[in-house]
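Trainee: Before I use terms such as salt bridge or buried, I would like to hear what each one rests on. Could we go through them one by one?

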Protein chains: 2
Amino acid sequence: MTRVLVTGGSGFIGRQVLPALAASGADVHVSSRAARQSSAGVTWHRADILDPRHLNALVNDVRPEILLHLAWFATPPDYWRSPVNVRWAAASLELAQTLVAAGGRRLVGVGTCAEYQWSGSSLCVENATPIRPATLYGGCKAAVWSALEPFAREASVEAAWARLFFVYGPNEPANRLVPSLVTAMRAGNRGHCRTARHVRDFLHVADAGSAIAALTMSGVTGPVNIGSGQPVEVGTLATGIAERVGRPELLTMEDGPQTDAFVVANVDRLRTEVGWRPRFSLDDGLDDAVRWWSAVNSQLPTPNSQLGFSEATG
Amino acid sequence: MTRVLVTGGSGFIGRQVLPALAASGADVHVSSRAARQSSAGVTWHRADILDPRHLNALVNDVRPEILLHLAWFATPPDYWRSPVNVRWAAASLELAQTLVAAGGRRLVGVGTCAEYQWSGSSLCVENATPIRPATLYGGCKAAVWSALEPFAREASVEAAWARLFFVYGPNEPANRLVPSLVTAMRAGNRGHCRTARHVRDFLHVADAGSAIAALTMSGVTGPVNIGSGQPVEVGTLATGIAERVGRPELLTMEDGPQTDAFVVANVDRLRTEVGWRPRFSLDDGLDDAVRWWSAVNSQLPTPNSQLGFSEATG
């Protein structure tokens with residue numbers, strides 16, 4: 001059994017990755033700042049990986065063959081601009097060095113479409129589209145891969161970098177696009193989409209989790225876009241949500257700025273080299289997400305004000 | 001007086017920066033792992049900035065307005081591929097955060113022409129030539145700037161990034177091109193230039209030091225190439241050295257590979273925005289370098305074997 005250490009396994013993406021990894025037969029070990037109950041195939045370890053002593057003890061205790069590093073500061077919308085990104089970039093580099101020193105053979109990190117230059121209307125292609133992040137989050141993710149790729153080459157270990165596009169679904173932070181539209185319109189409030197004509201690549205989080213797990217267990221190296229490969233207008237997504245909630249009259253939309261109008265993944269590497277296919281179409285994914293958020297909302301007090309929201313991203 | 005904290009002030013470049021900074025009227029503070037005697041305008045502090053406790057104590061003791069971060073692992077040829085680069089990248093990000101937390105207002109770091117994609121025969125232009133480092137050293141330097149630029153923007157501090165091209169002169173590591181040619185031919189051994197047709201941007205280290213000092217004390221932000229802007233064939237440089245040593249018959253040359261054939265700085269930002277001009281022409285610089293290395297060699301035992309050498313770089 002291949003031993004895999006996962007950081008960030010309790011997050012929005014991470015909780016979908018764990019069952020997919022366990023299902024693929026990996027011996028999955030997960031770090032968490034809180035104590036958690038282990039289950040079949042998934043062993044939890046209590047550690048704060050921002051603390052070098054914890055990090056060293058964890059890696060030398062688990063001795064993983066593979067590290068899947070998902071942990072990062074990810075609270076929207078703060079994560080775009082928070083200085084904590086720099087701390088996570090530095091910690092991620094420490095983690096990579098610690099893994100290699102402990103005999104690990106493969107590093108898998110998680111990047112973002114926000115590393116790419118967002119201009120024009122071409123698909124984002126790994127190793128071809130310019131890396132020109134416009135945000136602190138994108139800059140710090142790009143920083144990690146800039147150091148990690150040649151570090152792995154010189155250390156003769158494998159390194160892969162999963163660039164997430166726009167992920168939605170269960171457990172998404174509630175102030176992002178999909179949950180906030182569901183919640184607002186179900187409460188009878190206006191749902192407003194600010195970037196209706198922007199084209200994005202949306203992927204259901206269960207698919208994002210299984211794609212990352214597949215990449216982790218593969219021998220594929222280098223950056224790999226994690227997306228659907230399907231260009232979808234944000235307005236189309238919003239309309240699909242409004243229809244599923246049954247309140248299309250509550251949806252208002254504006255086109256959005258001319259900039260950043262098209263961010264869609266070329267998924268050739270994911271499809272061909274990793275050999276992965278999504279399970280959810282956009283329709284199936286929205287069915288699932290609206291159902292999940294509706295169930296969550298039924299258990300919550302009805303919001304009495306319109307929620308702000310931000311775009312969903314990885 | 002503007003208080004400037006300098007890391008790496010005892011290195012090949014750093015020792016040229018310090019007098020230039022002091023001459024510009026700065027209150028210069030320098031960190032060093034060894035104890036050193038302070039002098040007029042330059043105060044030394046003993047600290048190992050790879051140790052977070054030292055780093056914090058140093059920055060909070062000095063409370064600089066400006067940080068000039070020169071320190072890095074720089075032993076040729078190992079620095080191109082050493083995993084220690086990753087440690088310095090992480091430490092540099094910690095340093096930036098520490099400066100800002102202590103109220104600093106300007107960060108100046110040192111990058112390299114090895115961050116750029118080396119292809120074609122165009123000058124390297126900041127913010128235009130693609131960043132595509134081929135080495136671990138270049139990847140780690142690019143990583144620092146990728147995180148530092150947006151970090152500074154969000155923190156409302158200034159950040160500048162000095163990209164060094166090919167620096168030569170006094171105190172250069174002895175196994176690099178200029179010193180190894182001088183030393184070999186003065187000892188009557190063959191001096192061999194492996195990349196005679198490669199075109200590079202050479203700058204005397206005193207000019208590199210004064211350019212970095214000028215950038216540090218300016219308000220210019222963003223990446224700034226530090227070079228002469230003059231395309232020079234490596235073979236021309238080697239020939240100039242052989243003639244100055246008086247042993248042109250000892251010089252042998254080969255063209256070098258077709259790849260990486262042209263690496264020259266566009267220096268518009270340095271000339272126009274920083275307002276800096278070099279003091280040394282190539283002829284004057286080679287006069288000085290050959291004189292300096294000849295004096296050093298006269299005080300050393302004569303080498304009895306041909307030295308290996310690598311290209312000079314920042």
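Mentor: We take the pairing of the chains, then the salt bridges, then a helix and some single residues. This is a predicted model, in which local features need pLDDT of at least 70 and side-chain atom pairs count only at pLDDT 80 or more, whereas totals for chains, interfaces and linings use all residues. Residues are numbered from 1 along each chain as its sequence is written, chains are lettered from A and ligands numbered from 1 in the order in which they are written, and side-chain values use heavy atoms, with hydrogens and water left out.

Trainee: How do you know how chain B is related to chain A?

Mentor: The copies are superposed by least squares on the C-alpha atoms of residues with pLDDT of at least 70 in both, and a turn of 180° with a shift of 0.0 Å along the axis lays chain B on chain A with an RMSD of 0.0 Å. The two copies are thus related as by a two-fold rotation axis.

Trainee: What makes us say that the copies meet through the same surface?

Mentor: Contact means heavy atoms within 4.5 Å, and the contact takes 26 residues from chain B and 26 residues from chain A. Since 100% of the interface residues of chain B are also interface residues in chain A, the copies meet through the same surface.

Trainee: What area is buried between chain B and chain A, and which residues supply it?

Mentor: Buried area is the accessible area (1.4 Å probe) that two parts lose on being put together, summed over both; between chain B and chain A it is about 2000 Å², with carbon and sulfur atoms giving 60%. B:Val86, B:Leu136 and B:Glu154 supply 23% of the area that chain B buries against chain A, more than any other three residues.

Trainee: Why is the pair of B:Glu154 and A:Arg81 called a salt bridge?

Mentor: The term requires a side-chain nitrogen of Lys or Arg within 4 Å of a carboxyl oxygen of Asp or Glu, and the side chains of B:Glu154 and A:Arg81 meet at 2.7 Å, N to O, so the pair satisfies the definition. The count between chain B and chain A is 2 salt bridges. As for the elements involved, α3 (84-101) and α4 (136-155) of chain B each supply at least two residues of the side that touches chain A, where helices (H or I, at least four residues) and strands (E, at least two) are DSSP runs, numbered from the N terminus. The largest share of that side, 11 residues, comes from α4(B).

Trainee: What does the salt bridge of B:Arg106 and B:Glu158 tie together, and are its partners buried or exposed?

Mentor: The side chains of B:Arg106 and B:Glu158 meet at 2.7 Å, N to O. B:Arg106 lies in strand β5 (residues 106-112) and B:Glu158 in strand β6 (residues 158-164) of chain B, so the pair ties together parts that are 52 residues apart in sequence. Buried means under 20% relative accessible area, exposed over 50%, and partly exposed in between (1.4 Å probe, protein chains only); B:Arg106, with 0%, is therefore buried, while B:Glu158, with 26%, is partly exposed.

Trainee: How does that reasoning apply to B:Glu249 and B:Arg247?

Mentor: Their side chains meet in a salt bridge of 2.7 Å, N to O; B:Glu249 is exposed because its relative accessible area is 52%, and B:Arg247, with 30%, is partly exposed.

Trainee: What separates B:Arg269 and B:Glu273 along their helix?

Mentor: They are 4 residues apart in helix α8 (residues 268-273) of chain B, and so are separated by about one helical turn. Their closest N and O atoms are 2.9 Å apart in a salt bridge, in which B:Arg269 is buried at 16% and B:Glu273 is partly exposed at 45%.

Trainee: Which residues of helix α1 of chain A are buried, and what covers them?

Mentor: In α1 (residues 14-23) of chain A the buried residues are A:Gly14, A:Gln16, A:Val17, A:Leu18 and A:Leu21. The elements covering them include β1 (3-7), β2 (27-32) and α6 (205-217) of chain A.

Trainee: Why is B:Pro76 called buried, and B:Val296 partly exposed?

Mentor: B:Pro76, in the loop between β4 (66-69) and α3 of chain B, has a relative accessible area of 8% and is therefore buried. B:Val296, in helix α9 (residues 282-298) of chain B, has 22% and so counts as partly exposed.
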